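Work through the exercises below with the structure in view. Try each task before reading its solution.

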Amino acid sequence: MTRPRKTSSPEPDAIVVGGGPAGLLAALLLAQGGIETVLVAPPAPEDHRTTGLLAGSARILERAGVWPALRPGAAPMRAIRLIDDRDRRIRAPEVVFRAAEIGLEAFGFNVANRDLVAALAEAVAAAPNLRRVADAAAEIRIGAGGATVRPRAGETLRGRLVVGADGRNSPVRAAAGIGVRRWGYDQAALVTTLRHARGHDDTSTEIHTTAGPFTLVPLGERRSSLVWVTRPAEAEALAALDDAALAQAIGRRAGPILGAVTVDGPRQVFPLSGLAARRLAVPRVALVGEAAHALPPIGAQGLNLGFRDAAAIAEAAAAAVRAGQDPGAAAAMARYETKRRGDVASRSTGVDLLNRSLLTDAAPALALRALALQAVKRISPLRRLLMREGIAPGGV
């Protein structure tokens, strides 16, 4: 059987800059849509974290042919439990959302980032219409008729569309002259993995504390990922503990939910901040993932937004080419911006408001939050609506 030819042209239709999960997926979907594509990205550094891929993202990966490689090691999240910390002045009721209520096997699946990147990279390597330049972009120029990307070594690439998937400090975004709004929080996230005595029943648990959410996400049999959002000084102090002392601190915060715990992986600390690009696209340039938006690790929204970006830019570019149009021209970029703006804005605002609502100790705000969660708990149609929209807007 003859293998499909991979592109070798120095002038592809699309150039994707950035080799994280969103960039890998964008390049793959563009190529699968018939767009001659080059991915400019060195190998990604090893990442010990996990990502909760919501059902909409799993469907995108399924359509891309990547999900079968990930599914065996993916831990389902069949329920999400919200619990207020006992130290709160006004405690909201405990609420449990179950995927079965909306006819789903699971809200999503927790996967190791290293496995996700490996599966996407393997698909990229095998895809026709796609080649990878395993190098960082040294220079990016955006012009009216096209764009050029010069890797640190090798040829200069010219394309009609550049997709910036190159992170919070995106050189593509800077080259396009797109401004950005940044904000910070007096919080940091301690991230690690755990083993525990009790089963998690495929339930992701969020304990809402006055310093941020303490989240336990299923990661296989009696294993969970931990994202502990707290004040930066406390996060650093926790990270400096030995494994036994850290396990004791985690056990005290988790209470009896998982029983005795042991630390089962490296720990990392990340300061919490947010970012929003002023535009998601301009002629010749589209931004995806953290080049376009960055959110705190709350509600599993960040990378899931980036995957929807990747699907949308591939769809917009393929539609333009099928119509005999330029995939990087103003019209295609306007369609991408329109498609993504509402989703990105609503998720960014929602995560920000949720996070800030956890930090307040004002009685009126606490009472309003408690009433809202009481309504969600008691009113089934409202709860089901929130579950559907939490997974993906409009059932994407």
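The exercises concern one sheet and the helices on it, in a predicted model.

**Exercise 1.** Give the strand order of the open sheet and say which strands stand at the edges.

*Solution.* Step 1: the sheet has three strands in the order 3-7-4, and the pairing is antiparallel. Step 2: strand 3 (50–54) and strand 4 (75–77) each have a single partner strand, so one side of each is left without a neighbour in the sheet. These two are therefore the edge strands. Step 3: on average, neighbouring strands are turned by 30° against each other, direction ignored.

**Exercise 2.** Trace the bridges that strand 7 makes to strand 3 and to strand 4.

*Solution.* Step 1: strand 7 (residues 108–112) runs antiparallel to strand 3, and five bridges join the two. Step 2: among the partners, Leu53 is matched with Phe109 and Leu54 with Gly108. Step 3: strand 7 and strand 4 are also antiparallel, with three bridges. Here Pro76 stands opposite Phe109.

**Exercise 3.** Find which strands helix 2 and helix 4 meet, and at what angles they run.

*Solution.* Step 1: helix 2 (residues 55–63) packs on the sheet and touches strand 3 and strand 7. Its direction makes about 90° with that of strand 3. Step 2: helix 4 (residues 113–126) lies across strand 3 and strand 7, at about 90° to strand 7.

**Exercise 4.** Are the faces of strand 7 covered or uncovered?

*Solution.* Step 1: buried means under 20% relative accessible area. Step 2: on one side, Gly108, Asn110 and Ala112 are buried. Step 3: on the other side, Phe109 and Val111 are buried. Step 4: both faces are covered, and five of the five residues of strand 7 are buried.

Note on methods. Residues numbered from 1 in each chain as written. Predicted model: local features only at pLDDT ≥ 70, side-chain atom pairs only at ≥ 80, totals over all residues. Heavy atoms only, no water. Pairing = 2+ DSSP bridges. Helix = DSSP H or I, 4+ residues; strand = E, 2+ residues; numbered from the N terminus. Axes fitted to C-alpha atoms, helices over the stretch in contact; angles between N-to-C directions. Contact = heavy atoms within 4.5 Å. Buried < 20%, exposed > 50% of the residue type's maximum accessible area, 1.4 Å probe, protein only.
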